Amino acid sequence: MAQQLDQANDIDGATLVEIFRRSMRVYKTDERFRQMLMSGKLRLVYYPVRGQEVLSASMMSALNIDDYLVTTYRGVHDQVAKGIPLKDLWAEFTGKVTGTCKGKGGPMHITDPDTGVMVTTGIVGAGLPIANGLALASQQSGDGRVTVVSFGDGATNIGAFHEALNLASLWKLPVIFLCQNNRYAEHTAYSVGTSAKRIIDRAPGYSMEAVRVDGNNPIEMYNAAKAAVDRARAGEGPTLIEAMTYRMLGHTFGADFSYVPKELQEEAKANDPIPAFHQLLLDRGVAAEEIAAIEAAIDAELDAAVEHALASEYPGLEELRIDVLKEEIRA
Amino acid sequence: MSTTDKISFAQAINQALDEAMGADPKVMVFGEDIADEQGGGVFKATKGLSGKYGTGRVRTTPIAEQAIMGAAVGAAIAGYRPVAEIMFMNFLTVCMDQLVNHAAKLRFMSGGKTWVPLTVRCTTGAGVGFGGQHSDMLEAWFAHVPGMKVVSASNPAEAKGLLLSAIEDDDPTLFIEDIMMYSQQGEAPAPGFKVPLGKARVRREGSDVSVITYGRPVRLMDEMAERLAGEGINVEVIDLRTIAPFDEETVLNSVAKTGRAVIVHEAIKSFGTGAEISSRIHEELFSDLKAPVQRIGSKYSPVPFSPPLEQAFLYSEDEVTTAIKRIMG
């Protein structure tokens, strides 16, 4: 990876460190969730993001905090990389009233407009048409925001994907379709469920700009993200990014993973983006102490977040009648 | 315009959209064929709006209901007040996910951090020979979804007043139009006339039986009540106007007075909104009832094409009068 430092498309040191910080914030959050699930301190259906940290961190580093994000149930990497406060996220994952959504949405429906996390959906493909609407609002109001919608390779086989790409291209919406191609749609390998050889091969049918990158390479991923964001902000329309990555764990925490060939698992371990990124920073002369300080700060934030979540109260039962409609439902 | 002028139902919709767009720059309209270049909508409900407000705010869309509804949901979360036209109610089936899983639930699932001030307009109704996929009355499906409001008007003036309220409302609202009523003329309302959501209207007071209905059957029930008055039966006619959440107070007060209730809707009877209203009446007023609550709806069948079948499918006034006379003893 160090060789890429010589390339013309290199990115500056401060940005690279920021992407690393966000990657580690995701990595450590995901790791802590899995540790607590393993030890029985937490009970929830968890969709691991191990292996996809750098992809999200690179994308979100190309955005402003008020740019919009729409993501999916496997979205904790996107939310954390976007900048969501960990204490609010953890409280929501544990169903507490101090959570982003008062514990009423849960892990699959994280919403935090303060950090631009507008919708997290549990329905595959459903985020894309909604992202168009957010982008349409920005186009209409001229607020300069861009919208990123994350989805997996599996989502490109559902109708909503195609309807959304067509409309976004037609209306030149400031939206970025971020396909995180992690090679598996739940338990089904890419080639078993997807007729297109590559996801980007679908873009020409919608007259849409598309780029395929190594999503686990922060420099390549950030540059693609930045170019798409710049295009969208300039009013030049949407981009489909196919970011190649790999889901290093099962569909859900603890789920069977035997359907993934051993060789692929070994290859993925060898190409783990987190140690590679660590090495890249060292190669670029970032001091080990600086990296350690970044990690220590995240650990502290995470410790505080977990403690806050566990100590927080569950929502009161009156919450069943609140937020159903604007007006509270009568008891 | 004086209040004695007449307007059609379609004109009433058009006026409501025009007034809403004029009053609030955040109101946008999306749908198939709706801009003037495409004819201003197949029922002309949006005629002239794109000319007046531009094709940025009045957007003709591809025939892609998920894209329409998703765009409306997203724009609504971001502060707009979209009015999405889904041409026929049956076409809601291809964007149910956006409406049911997203529009209706986002306020709750976000703990109130986002909400969806969306109005969805659609038309439907049997009687014009569209057959099984353009005529269904599916209001009960949406009334069953927490977070959604469902509205149906019975005359042009109230259509305008209800639509304006729906657009101003901060919850997602399904506004059901009846294809048989677009050309129906009625008194033109004064500018700014609004009908609050969630409030039924007692159209005619009566002491013997409460007829609870909404939409197209309302006018028929008005006429029937007039005839039955001549036979000495005093019918109270209630137009729900908002189907969900329905005005329980007005319904229960009426039935507490009359002791008898008949619910009439065009949707098929089985598992329809009439079942819910009937149950609420039985739960609250069982000991006050002089007879079991009656339900009149269309037959348990897809809407047929052949005219005699289509007429036989529909509820009829005869069925209502027969039910009323039976429970009057």
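Helix H12 (residues 317-328) of chain B lies across four strands of that chain: S10, S11 (235-239), S13 and S14. H12(B) runs at about 170 degrees to S14(B). The model is predicted. Chain B has a mean pLDDT of 97, and 99% of its residues reach 70 or more. For the complex, the predictor gives an ipTM of 0.96 and a pTM of 0.96.

**The sheet**

Five strands of chain B make up an open sheet with mixed pairing, ordered S9-S11-S10-S13-S14. Strands S9 and S14 of chain B are the edges, and each pairs on one side only. From one strand to the next, the twist averages 25 degrees. Inside the sheet, S10(B) and S13(B) run parallel and are joined by four bridges. Val211(B) has Val262(B) as its bridge partner in S13(B).

| Strand of chain B | Residues |
|---|---|
| S9 | 201-204 |
| S10 | 209-213 |
| S11 | 235-239 |
| S13 | 261-268 |
| S14 | 294-298 |

**The two domains**

The domain assignment splits chain B into domain 1 (7-187) and domain 2 (201-328). Their C-alpha centres lie 27 Å apart. Each domain of chain B brings 25 residues to the contact. On the domain 1 side, helix H6 (139-143), strand S6 (149-152), helix H7 (156-168) and strand S7 (173-178) of chain B each supply at least two residues. S6(B) gives the largest share of that side, four residues. By type, the domain 1 side of chain B divides into twelve nonpolar, eight polar and five charged residues.

Notes:
Residues are numbered from 1 along each chain as its sequence is written. Chains are lettered from A and ligands numbered from 1 in the order in which they are written. This is a predicted model: local features need pLDDT of at least 70, side-chain atom pairs count only at pLDDT 80 or more; totals for chains, interfaces and linings use all residues. pLDDT is the predictor's confidence in each residue, from 0 to 100. Two strands pair if DSSP finds at least two bridges between them. Axes are lines fitted to C-alpha atoms, for helices over the stretch in contact, and angles run from 0 to 180 degrees between N-to-C directions. Two residues are in contact if their C-beta atoms, placed from the backbone, lie within 7 Å. Domain bounds come from an automatic or database domain assignment. Ala, Val, Leu, Ile, Met, Phe, Trp, Tyr, Cys and Pro count as nonpolar, Asp, Glu, Lys and Arg as charged, and the others, Gly among them, as polar.
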